[in-house]
Amino acid sequence: MEPDIRPASRTPSRGVTWVALLAMLTSGCLGHLYEVPRSEMERIVRTSPQERGRQVYAIQQFITATDPEPAPAWAPPLESPPVGYLVTDHGHWVPSFYLESYGAPYYQPPPYSRPPPTSPDLPSGGSIHGASPVPDGAPSSARSSSGGGSSGGSLGSLQGLDRLLALAVVVGVVVGVSLAITEGARYEGSVAVHPKHPVHLISTRGPQRTVPLDELVPADLEHLSEAMISGAEGAGMWLNGSAPLNRQGFTYQFGAGNDSLALPGGQTLRDVGFRFALGYFPHRKFGLLADTRLQFGADGSSAYYNARLGLEAQWYPLSLWRLHLGPFVGGGRAWSATEGGGRPSTSASRPYVSFGALAEFDLTTRLGLTFRWTQDWLPHSRPELNGFVHSWSLGLSIY
């Protein structure tokens, strides 16, 4: 069994990591606008108008200065709802299926102040067409529109490098937490809205337009750049459940755990290690990443660092409910050095090969909690520095 050397002290720089993490928890800029992908818009226009609002695949967006102009608020109808519709707490008619299956809307509609009875803005009968149920057959209401190297080996240089690596860890954690509480936490999945819910159409040509959902036709998709719906409009919005984890696209991963550094004489130094990776998943189950692992420590009489930089392939062939399992394999270059603290003094740069197992639990559609077990092989021209070392880590993957 290989001897372990565990540092008696921890670098105080690591406390900064947790301070940065807690500070980032106060940020966030998710809004009530949801983008409807082009493929979903094409499906919608092929669906009967009465069924279009029941299930719409939408992706929550961030608040920006270029949000589309809000649609006019709906006036709750004064009449009793027709067959198949119920009245919400705000007085709007919605399909009875919504309230019976989903309960109250996640986003409540904005309040509406009726104009005085003598106002010319109040239509005869006191109701606004936009809040009425969808009639059978073709839609009849008018559309609205709006504008739109290697170490030197000395104790002093090792301790200086320790501070630099601590700063790199803080930056990596801040970036990861920022993405986790914004990109990773935003809703993506099925929503329900009133069949006449306003849809904001942003075109590559001409002004922005607002079209009721049940009145969309294939011609509306010509030159379409983006389609948006808002939870703060119409009769509100229901969230029907987020979609399963979707890795396809870019990913950022970060975590921490127990890492290992091979020392002469078959000894192993084990301490806290950090991992950061950036890559791309061309498929939901397979991705390629560039990753780095950092392990370091320093006090008054000793210092060490262990850094790896390489490429990695991940594959998730197995899924059990929300748990995903698979292997990974990678390799690259490792740099390490130690001095003082009763450890052998070393300074090495060598290739490494790693492989191991992944277990990921999906938290949201774009955020996973990932456990990794890693086995490293670090060949070296000096036989006493050859070694197989293992490590583990727990972290977050943002897709």
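Strand β12 gives the most to the lining of the largest cavity, with 4 residues. The model is predicted, and about 90 Å³ of space lies in this cavity. The protein has 399 residues, 48% of which count as buried, and its secondary structure comes to 4 helices and 20 strands. Its accessible surface is about 18500 Å², with 62% belonging to carbon and sulfur atoms.

**Largest cavity**

- The lining is made of 13 residues, and those nearest the centre of the cavity are Asp259, Arg275, Arg293, Trp392 and Ser393.
- Two or more lining residues come from each of β12 (249-262), β13 (268-283), β19 and β20.
- By class, 3 of the lining residues are nonpolar, 6 are polar and 4 are charged.

**Second largest cavity**

- The second largest cavity holds about 70 Å³ of space.
- Among the residues that line it are Gln253, Phe254, Gly255, Arg275, Thr370, Arg372 and Ser393.
- The elements giving two or more residues to this lining are β12, β19 and β20.
- The largest share of the lining, 5 residues, comes from β20.
- Its lining has 3 nonpolar, 6 polar and 2 charged residues.
- Arg275 and Ser393 line the second largest cavity and are also listed among the residues nearest the centre of the largest cavity.
- Gly255, one of the residues lining the second largest cavity, is 8.3 Å from Val173, C-alpha to C-alpha, although the two are 82 residues apart in sequence.
- Val173 is found in helix α4 (residues 155-180) and is buried, with a relative accessible area of 6%.

**Salt bridges**

- The structure holds 16 salt bridges.
- One of them joins Lys196 and Asp214, with the closest N and O atoms 2.9 Å apart.
- Lys196 lies in the loop between β7 (188-192) and β8 (198-203) and Asp214 in the loop between β9 (209-212) and β10 (224-230), so this salt bridge ties together parts that are 18 residues apart in sequence.
- Lys196 is buried at a relative accessible area of 3%, and Asp214 is buried at 1%.
- Glu360 pairs with Arg247 in a salt bridge whose closest N and O atoms are 2.9 Å apart.
- Since Glu360 is in strand β18 (residues 346-364) and Arg247 is in the loop between β11 (238-242) and β12, the pair ties together parts 113 residues apart in sequence.
- Glu360 is buried, with a relative accessible area of 0%, and Arg247 is buried, with 3%.
- Asp291 forms a salt bridge with Arg275, and the closest N and O atoms are 3.5 Å apart.
- This pair links distant parts of the chain, with Asp291 in strand β14 (residues 286-298) and Arg275 in strand β13, 16 residues apart.
- Asp291 and Arg275 are both buried.
- Asp259, Arg293, Arg308 and Asp376 are joined into one network by salt bridges that share partners.
- Two members of this network, Asp259 and Arg293, are listed among the residues nearest the centre of the largest cavity.

**Nonpolar surface patch**

- Leu363, Leu369, Phe371, Trp373, Trp392 and Leu394 make a nonpolar surface patch of about 530 Å².
- The elements that give two or more residues to the patch are β19 (367-378) and β20 (387-398).
- The largest share, 3 residues, comes from β19.
- Trp373 is found in strand β19 and is partly exposed, with a relative accessible area of 37%.
- Trp392 belongs to the patch and is also listed among the residues nearest the centre of the largest cavity.
- Leu394 belongs to the patch and also lines the second largest cavity.

Technical notes
Residues numbered from 1 in each chain as written. Predicted model: local features only at pLDDT ≥ 70, side-chain atom pairs only at ≥ 80, totals over all residues. Heavy atoms only, no water. Patch = residues over 30% accessible without salt bridge, like charges linked within 9 Å, V, L, I, M, F, W, Y side chains within 5 Å. Areas by Shrake-Rupley, 256 points an atom, 1.4 Å probe, with all protein chains shown as cover. Salt bridge = Lys/Arg side-chain N within 4 Å of Asp/Glu carboxyl O. Buried < 20%, exposed > 50% of the residue type's maximum accessible area, 1.4 Å probe, protein only. 1 Å grid on protein atoms, 1.4 Å probe; cavity = no way out; pocket = protein on both sides within 12 Å on 5 of 7 lines; lining within 4 Å. Points joined across faces, edges and corners; volume = space filled by probe spheres on them. Nonpolar A, V, L, I, M, F, W, Y, C, P; charged D, E, K, R; others polar.
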